[in-house]
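Hi,

Here is the structure I said I'd pass on. Have a look at it first, and then read my notes underneath.

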Amino acid sequence: MQPRDLSDHSPYVPGRGVEEVARELGIDRSALIKLSSNENPHGPSPAAVEAIREHADRVHQYPKSAHTDLTERIAEEWNVDTEQVWVSPGADGSIDYLSRAALEPDDAVLVPSPGFAYYAMSARYHHATVSEYTLSAADGFTQDAETVLSAYGGERIVYLTSPHNPSGSTIPLEAVRTIADATAEETLVVVDEAYGEFAAVDSAIPLVRERDDVAVLRTFSKAYGLAGLRIGYSVVPEAWGSAYARVNTPFAANELACRAALAALDDTDHVEKSVETARWAREYMTDELDAETYPSAGNFVLARVGDGSAVAEAAKHGGVIIRDCTSFGLPGCVRISTGTREDTREAVTRLNRVLAEHEPEAEADA
Ligand SMILES: *Cc1c(COP(=O)(O)O)cnc(C)c1O
């Protein structure tokens, strides 16, 4: 007895955990700076932690009002109907809900390469096929309508990531509109704004209000520092609203996650501090790291280092955990998340020591 043929499905490769690496190296975790998963270096909002404590003794009940309250709060924030807000376990959960709602077997989705692995994974779980548009390193991973449309062949879902992971590039709202206009009526354009808070560009949610073919993904994992709770959402076209009850996994967004997200939304000081630190740190890394970097609107910087896997491995031994981008299709690059000011400075010092011993070859391709 075996699972079905999963040979088409590539496993998700997460950034390494700090505990995991500390154990492997036989050192104390405090000796390591973890900048591999785009987590919030300031931790969760203290208000969210308080909300978790306060509601801990109610977890014997299924989450009902917590889910309703969070949905209403988000709908109010973005001025959309509550039905248009699909709360989910992480934005990843929303990707699955959109797959369930949109994809028939053998439908296709169009995803960026390099790009976030879960778009393709979710599509394949739902028996769809995957095609790619290429963002090129030589162009600084510029995202425009033409790049996407030249690869478009009538796919049911087109994924855009702004800011883009792992490069940090953004796509202008006008380009999203152009893509949505040029694609078929049955094509849903999904704009993934997992890092939206860190960017200076406008959210695409106003487009969702005015059209029926654009959806937006947002998460509490990054700027809000709640990655461990798994809570995110999508904002979907009005006509899609009633599909939620047919596609969502019952109670998948849990009580404590919903309560924490509600509290975090009101803790503007924490988000503002998180965004400010990320903006400072990405500038600092761009200026001070001894490697070519790409302009980033996220809480991470992509650096071209020659051999990403060797540099990430050496960095680990040098006390900094960073993300080798081989699994993104960029074996010449590493992605470094922004840390606190103190950790970012120290990480750059340590990384520059490593980079001095790993000179990228001039002709190495990202
Ligand atoms: C982190 C991330 C997500 C979603 O993360 P969740 O923790 O599932 O909310 C989605 N898209 C991109 C590009 C990401 O980097």
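UniProt, in an unreviewed entry, places the feature "domain: Aminotransferase class I/classII large" at residues 32-351. Please keep in mind that this is a predicted model. Over residues 32-351, helix makes up 39% of the chain and strand 17%. The end C-alpha atoms of that stretch are 12 Å apart.

Now for a pair of helices. Helix 3 covers residues 65-78 and helix 10 covers residues 255-266; their axes come within 8 Å and cross at roughly 30°. Angles under 35 degrees count as roughly parallel, so that is how helix 3 and helix 10 are described relative to each other. The crossing of these two helices is left-handed.

Which residues of helix 3 meet helix 10? On the helix 3 side they are Ser65, Ala66, His67, Asp69, Leu70, Arg73 and Ile74. Their counterparts in helix 10 are Glu255, Cys258, Arg259, Ala261, Leu262, Leu265 and Asp266. Sorted by class, this contact has seven nonpolar, two polar and five charged residues.

There is also a sheet to look at. It is open, has four strands in the order 9-10-13-12, and the pairing is antiparallel. Strand 9 (292-293) and strand 12 (323-324) are at the edges with a single partner strand each, so each has one side without a neighbour in the sheet. Strand 9 runs antiparallel to strand 10 (residues 300-304), and two bridges join them. If you want a spot to zoom in on, Glu292 stands opposite Arg304 in strand 10.

Cheers

Key. Residues numbered from 1 in each chain as written. Predicted model: local features only at pLDDT ≥ 70, side-chain atom pairs only at ≥ 80, totals over all residues. Heavy atoms only, no water. Axes fitted to C-alpha atoms, helices over the stretch in contact; angles between N-to-C directions. Parallel < 35°, antiparallel > 145°, perpendicular 65-115°, else oblique. Left-handed = near helix turned anticlockwise from the far one by under 90°. Contact = heavy atoms within 4.5 Å. Nonpolar A, V, L, I, M, F, W, Y, C, P; charged D, E, K, R; others polar. Pairing = 2+ DSSP bridges. UniProt positions renumbered as here; feature names shortened; annotations may be inferred.
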